[in-house]
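Please open the model in your viewer and keep the sequence beside it. The tour below moves from the whole chain to single residues and suggests what to select at each stop.

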Amino acid sequence: MAPKERQVAALLAERAQQFCDAVALRRESIATSDRFYRDLMVYQWRLEALDARIAAVAATAASMPPTATAIAPSDTCPGGTQDSSTGSAMGAATKSQHTELLDYVLVALQEQRCAAVAALEERAAHYAVGAPAATGRLEQMSIDEADRQRGMEYLRALAQDTYDEIADEAHEILEVPPSESGLRALCAALKRRRDFWHGQMEETFAAWQQATERMHRAGEEALVNWGSVTAAVRAAPHGWQLSGPCTGTITAGSAAATRQQQDLPSEVLQALATASARCLEAELLETLGLSGLCTGAQDVDFSREARLALLTSMLKCLKAAEALHRVGEALLQALASRAACGGPPSLCCPLRNWTGNSTIEALGPWLIASLAESLCDVARRGDIRRSSDILRFCSTLGGSALANSVRATASTVRSNRGLTAGQLASVAGFTRMARLLKEWPPTDDDRSQYKASDWGSTGGGIAAAKPFGQLEWLLGLGVKTTPDQ
């Protein structure tokens, strides 16, 4: 292996890893920044509401007549005792005044609520709207009108819930003593509350700025590392055959090119597999991190089409070299680590959001083919534990649809003679593995017939992870689930 070839291979794998890490950091920073921004909106709404309440309470306290704070001489009987009828009348009048004050405050809060929603609508008309998951955490930007409406509904609900809480708090006006001193005590308490929310807003604003700066730095790092990836591809020896259009099917190159790729050193193949896995991870799992990311450099094309063209060229090279299983293993190792630390973001959104999506149409078959080759590789060796880990990983990543597609995909490796993983295990005489691959997922009765170690680890990692998404789009949208030969 020539020194230049080894250097290019190492650079490609290293920069692809750094590119994926930067995109993942940008995704995390965008989600964090979005959460802080929503907190800032809530704090601003609360501060505006408190300002309105303080002004109304202070004005009412200032307008109260002296009889509301002290007992006038004319209201006492000759013996020095208070006229009960007069005192009752004063108390009723003051309570009525408190009720009028509450009504006034509630009207002001309703006006603020409407203004807040109108401001959200105005901003949504000019800026992208996020589509938070059920947890409220941002996972992707809206990609169609239905997504935008869901994002707006979330924001409207946030405003509704916040102002409902504020309106409930406003009823404390009725609980203060019916006197000027009672209102002034309430006003002082509201000012202290306002100081608290001011402090929260200042802290959150500083955190929002840091998250935003981190997002920009991560984006710059992603672009720089992508430039290094493309530079490594340009410097790759001709025998790698890293070129070609981005298509949705897997097509073989010329016979001469295929022979050259089959002779590539193992070190090169592993570097290509690592780079391909990291790029697949970025394109399929880090869509939020890639959103809105572009470059002004004339020598670096960061368009989605250019990224997919480069990635598919690497995958075609690995397929020709019968090394796609390395991509599946690299994905398994990297994403299992992520799942152990909290899990990757969803692989895909609801089915309708992916209709006609060029990323899925281009990379969906490659994802399945890579995982299928990895499963076939371990099935030939009778490694039931690893087979279980791969299928559990598929279920975690894309639900039963992905796991079933991977099980049903035949290998393109010549020595595997076009067989699926289950067929390879059956031919090799691995009966338990063949049954596992045929009847996945196993039932509780099936589990009792095997040792616990046959099913992979049960603590942490991907074993206990909950599925993050479904890949019904692969079966329902006409997207190929098996690559062309």
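Accessible areas here come from the Shrake-Rupley method with a 1.4 Å probe. On that basis the accessible surface of the protein, which is a predicted model, comes to about 22400 Å², and 54% of this surface belongs to carbon and sulfur atoms.

**The whole chain**

Begin with everything selected and a cartoon view, in which you can look for the 15 helices and two strands of the protein. If you then colour by burial, 48% of the 485 residues count as buried. How many of the contacts between residues at least 6 apart in sequence join residues at least 24 apart? The share is 82%.

**Helices α1 and α3**

Next, select residues 3-63, which form helix α1, together with residues 145-170, which form helix α3. Two packed helices are described by the angle between their axes and the distance between the axes. For α1 and α3, the angle is about 35 degrees and the axes lie 11 Å apart, and the crossing of this pair is right-handed. To see the contact itself, show the side chains of R38, M41, V42, W45, R46, E48, A49 and R53 on α1, and on α3 those of residues including Y154, L158, T162, E165, I166 and E169. What kinds of residue make up this contact? It divides into 11 nonpolar, one polar and six charged residues.

**W45, inside the contact**

Stay on α1 and centre the view on W45, which has its place in that helix. Is W45 buried or exposed? With a relative accessible area of 7%, W45 falls under the 20% limit and is therefore buried. Leaving aside neighbours within four places in sequence, W45 is in contact with Q112, A116, L120, L158, A159, T162, Y163 and I166. While you are here, select R113 as well, since R113 and W45 are 68 residues apart in sequence, yet their C-alpha atoms are 8.3 Å apart in space.

**Salt bridges**

Now turn to the charged side chains, among which the count comes to 21 salt bridges. Select R46, R53, E165, E169, E172 and R193 together, as these residues are linked in a network of salt bridges.

Move on to helix α4, residues 180-235, where R184 and E180 lie four residues apart, about one turn of the helix. Their side chains meet in a salt bridge, with 3.1 Å from N to O, and R184 counts as partly exposed at 42% relative accessibility.

A comparable arrangement can be shown in helix α10, residues 358-381, where R381 and D377 are four residues apart, about one turn of the helix. The N to O distance in the salt bridge between these two side chains is 3.0 Å, and D377 is partly exposed, with a relative accessible area of 27%.

For the last stop, select E329 and R386, which form a salt bridge whose closest N and O atoms are 2.8 Å apart. Because E329 lies in helix α9 (residues 324-340) and R386 in helix α11 (residues 384-408), the pair ties together parts that are 57 residues apart in sequence. Which of the two partners is buried, and which is partly exposed? E329 counts as buried at 16% relative accessibility, whereas R386 is partly exposed, with a relative accessible area of 23%.

Conventions: Residues numbered from 1 in each chain as written. Predicted model: local features only at pLDDT ≥ 70, side-chain atom pairs only at ≥ 80, totals over all residues. Heavy atoms only, no water. Buried < 20%, exposed > 50% of the residue type's maximum accessible area, 1.4 Å probe, protein only. Contact = heavy atoms within 4.5 Å. Salt bridge = Lys/Arg side-chain N within 4 Å of Asp/Glu carboxyl O. Axes fitted to C-alpha atoms, helices over the stretch in contact; angles between N-to-C directions. Left-handed = near helix turned anticlockwise from the far one by under 90°. Nonpolar A, V, L, I, M, F, W, Y, C, P; charged D, E, K, R; others polar.
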